[in-house]
Every structure is written in C-alpha cells, then in structure tokens.
Amino acid sequence: MGNCSSSSGFFSLPKRGSKLLKLNNGMVSVDDEGGTHEGIKTIPVQRACEFTTNSVLCVCIVTWNMNSKMSAEDVAKLVSSDRKFDLLVVGLQEAPKPDVSRVLQEALAGTHVLLGQKSMQSLRMLPFGSRSSEKYIREMKVDKHAVGGCGGIIGRKKGAVAMYINFSGIRMVFVSCHLAAHEHKVEKRNAEFQHISQSLFARYGAPTPYAQSADITVWLGDLNYRLQGISSTPARKMIEENRQSKLRGRDQLLQEAEKGQVFSGYCEGTLSFKPTYKYDVGGSVYDTSYKVRVPSWTDRILFKVGQSSGLDAVLSSYESLDCVRSSDHKPVKAHLCLKVRSDGDAD
C-alpha cells in the first residue's frame, strides 16, 4: 500500500480531535475553526509525490462526460501506464450503454481490480484497487440521488452517484455528479449541489451520516459551471495565446464558492489546463456549431479534508486529457496522496 512510498500494511491515524494547521507548501490540512465560508482554496500542484514512509494512500481520480459515445481506445487512455496509485476512482457522465467497466478492467488487468460500481442511468462510478487492496476495505456503501429532468423521464437525468469506502481506517466519500446545464442556471446548480449534499447516504440512518463523517470527501463530475461575462471570441483568443489563467476570475464555480453558496472549504488544483468544454467531437477544436459556445471548465475535481481527520493531502497532478477526442468534453484527472500528520509537520 502507498505506491508513492515504501510503506505497507495497516497504519494508525492520530487521535481524532487533534488540531491541525494550514500549510502553504502544497500540503493541505484543516483546523477546527468553523462558521464562516472559505470559498474554494486553490492549491499548487506538486509534480511528484514527496511522501516516503509516511505515505498511506494514493488515489487517482478521473471524471469524464462521454457524450454517449463509446471509444474503447479513449477509455483505455484514462488509465496511464504509470500506475502509482492504490485506488482509482472513475466517474462518468452521459456514459453509453456498452460496458465501459469491461474495457477499464482489461486495461488495468494485472495491477488493479474492480471493487464495485454504482450507476444511475448514464451516471456511473467505478472504483478500482490494487490487487491486494480488498483486504484493506473495512466497509463500502453506495448511494444515488436524482435531480432535475423530471425524474429522468424527460431529458437526461442529472444528479449524483456516490460511494463511501473505509480503506484501512481512512473514511472516504466520492461523489460523481452531473449538474444542470446552461450558463444562466447558476442558482439551479447551487441548489442541486446543496440537495445532493444533504440527501446522500441519509437512507442508512447512521447517527453521523457517512457524507459528514468522512476523513476526505471528493466531488468529481460535470458540474456545468461556465465562464461568466465574456463572449466566445475573446475567451478563445486568450486560450489560443495560453492566457487561460486570466479567465479564472470569470469562472462561475469559483465565484459562487466565494459567496459561500457551494463547496465552502474545498480544495482544487490550479486551473492551468484549457477549458474542457465544448469541443467538436473527434478533435481539439472548440465548438464550431451555430451556438459557438464559450469554452468553460465544466469538468472538475474538488476535495475536502475532514476536520480532525489527522490527515494531510498532496495534489501531485491536476490535468485534462487532450488526447481523448471522442466526446465534446475532455476528461479531467487528479492524483491525490494522503499521509498521517506527524508532530514535525506543523513546524
């Protein structure tokens, strides 16, 4: 376990309730302050996992809106040949009927196995673990929650599928979602996020809901937030000139989080890659239809380390996969490594 390090076997988390400090070196932890919103914390990406013996878990996370198109070649590209991760969590939106899990299992054969799956119409979540990982899984729960689309009768169903995994004492929640489309539906997206957050795992009736007691929570998916207040032509010009960083201030998700509407206290890597939507299918050219949509970072991966979890997190990559061209969205991929905080880390 801990493919970025030499550690193995079970480990011990620090006593819950210990106060942690915020760091500015790419490592993320939390403190026990509360009550005020923090927006989304943009954190730097470390190109290599720096953990050694303290590395306890490395997770690769992929989200992709497949646009109902099946390309076995592109699905295989979601998985790199350098598989330095214990867990791989793949969230798909608008997934086609053909069995995507079979293609992924074939691509991962020899190193990782499918641990389970959850689906709701075209939403799917597929977690994979290293071949020895099953013995570390103490508990796994799945859930789903639909929003919009008249319950899925009219149009594509939006909502989320989720999975709770207790992996050798680390309690993780992964939420793969697809929120309302169109630039002007900001408030609807906000409401859907809140509704999903409050509804997932409620049916299990635990004293402390799984989604609220997790050591780390990860949201991935087509969140559908767009660029606000800029037309397509100037936005594309900035992207062509590799100045897309100037567009972050117009990102609706970051704006709404700053207002305290969504994802308060979550972390996200720097949006250094090009906006992931909308492309002409089959290439890497932005929408040439009559709508000429404004490119946007609709596809995102965000995470939050739970209060008093005793964990630190390092984001060692956050990128889009431009080589995948069978959809009008580009997949987004993140690599997250966790470690147990030691006393010396607070210095």
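**Pockets, cavities and the elements around them**

The second largest pocket comes out at about 440 Å³. It has 21 lining residues, and those closest to its centre are Ala181, His182, Arg226, Tyr277 and Arg293. The lining of this pocket is split into 10 charged, 7 polar and 4 nonpolar residues. As with everything that follows, these values come from a predicted model.

Turning to enclosed space, the count gives 2 cavities of 30 Å³ or more. The largest cavity holds about 50 Å³. Its lining is made up of Ile61, Val218, Glu268, Gly269, Ile301, Phe303, Leu315, Tyr318, Ala334 and Leu336. Four strands put at least two residues each into that lining: S12 (267-269), S13 (299-305), S14 (311-320) and S15 (332-340). By type, the lining of the largest cavity sorts into 8 nonpolar residues, 1 polar and 1 charged.

The second largest cavity has a volume of about 30 Å³. Val59, Ile61, Met172, Phe174, Ile216, Val218, Leu336 and Leu338 line this one. Here too, four strands each give at least two lining residues, namely S3 (55-65), S10, S11 (216-222) and S15. The breakdown for the second largest cavity is 8 nonpolar residues, with no polar and no charged ones. Ile61, Val218 and Leu336 turn up in the lining of both cavities.

Strand S10, one of the contributors to the second largest cavity, spans residues 170-178 and runs antiparallel to S9, to which 9 bridges join it. One of the pairings in this stretch puts Gly159 opposite His178 of S10. The two strands make a hairpin with 2 residues between them, and Ser168 in the turn takes a positive phi of about 50°. S9 is also paired with S8 (residues 137-147), again antiparallel, through 10 bridges. In that pairing, Ile137 has Phe167 of S9 as its bridge partner.

How much of S9 is buried? For this strand (residues 158-167), the tally is 10 of 10 residues. Neither face is left open: Lys158, Ala160, Ala162, Tyr164 and Asn166 are buried on one side, and Gly159, Val161, Met163, Ile165 and Phe167 are buried on the other.

The helices tell a more one-sided story, starting with H3. This helix covers residues 186-199, 14 in total, and measures up at 20 Å from first C-alpha to last, close to the 20 Å expected at 1.5 Å a residue. Within H3, the buried residues include Val186, Arg189 and Asn190, along with Glu192, Phe193 and Ile196. Looking down the helix axis, the buried residues of H3 sit within an arc of 160°, so they line one face. Glu187 and Gln198, on the other side of H3, are exposed.

H4 (residues 232-240) can be read in a similar way. Ser232, Ala235, Arg236, Met238 and Ile239 are its buried residues. These residues lie on the same side of H4 because the arc they cover around the axis is only 160°. Thr233 and Glu240 are exposed, on the face of H4 turned away from the buried side. After H4 comes Asn242, which has a positive phi near 60°.

How values were computed: Residues numbered from 1 in each chain as written. Predicted model: local features only at pLDDT ≥ 70, side-chain atom pairs only at ≥ 80, totals over all residues. Heavy atoms only, no water. Buried < 20%, exposed > 50% of the residue type's maximum accessible area, 1.4 Å probe, protein only. Pairing = 2+ DSSP bridges. Arc of directions from axis to C-beta. 1 Å grid on protein atoms, 1.4 Å probe; cavity = no way out; pocket = protein on both sides within 12 Å on 5 of 7 lines; lining within 4 Å. Points joined across faces, edges and corners; volume = space filled by probe spheres on them. Nonpolar A, V, L, I, M, F, W, Y, C, P; charged D, E, K, R; others polar. Expected span 1.5 Å × (residues − 1).
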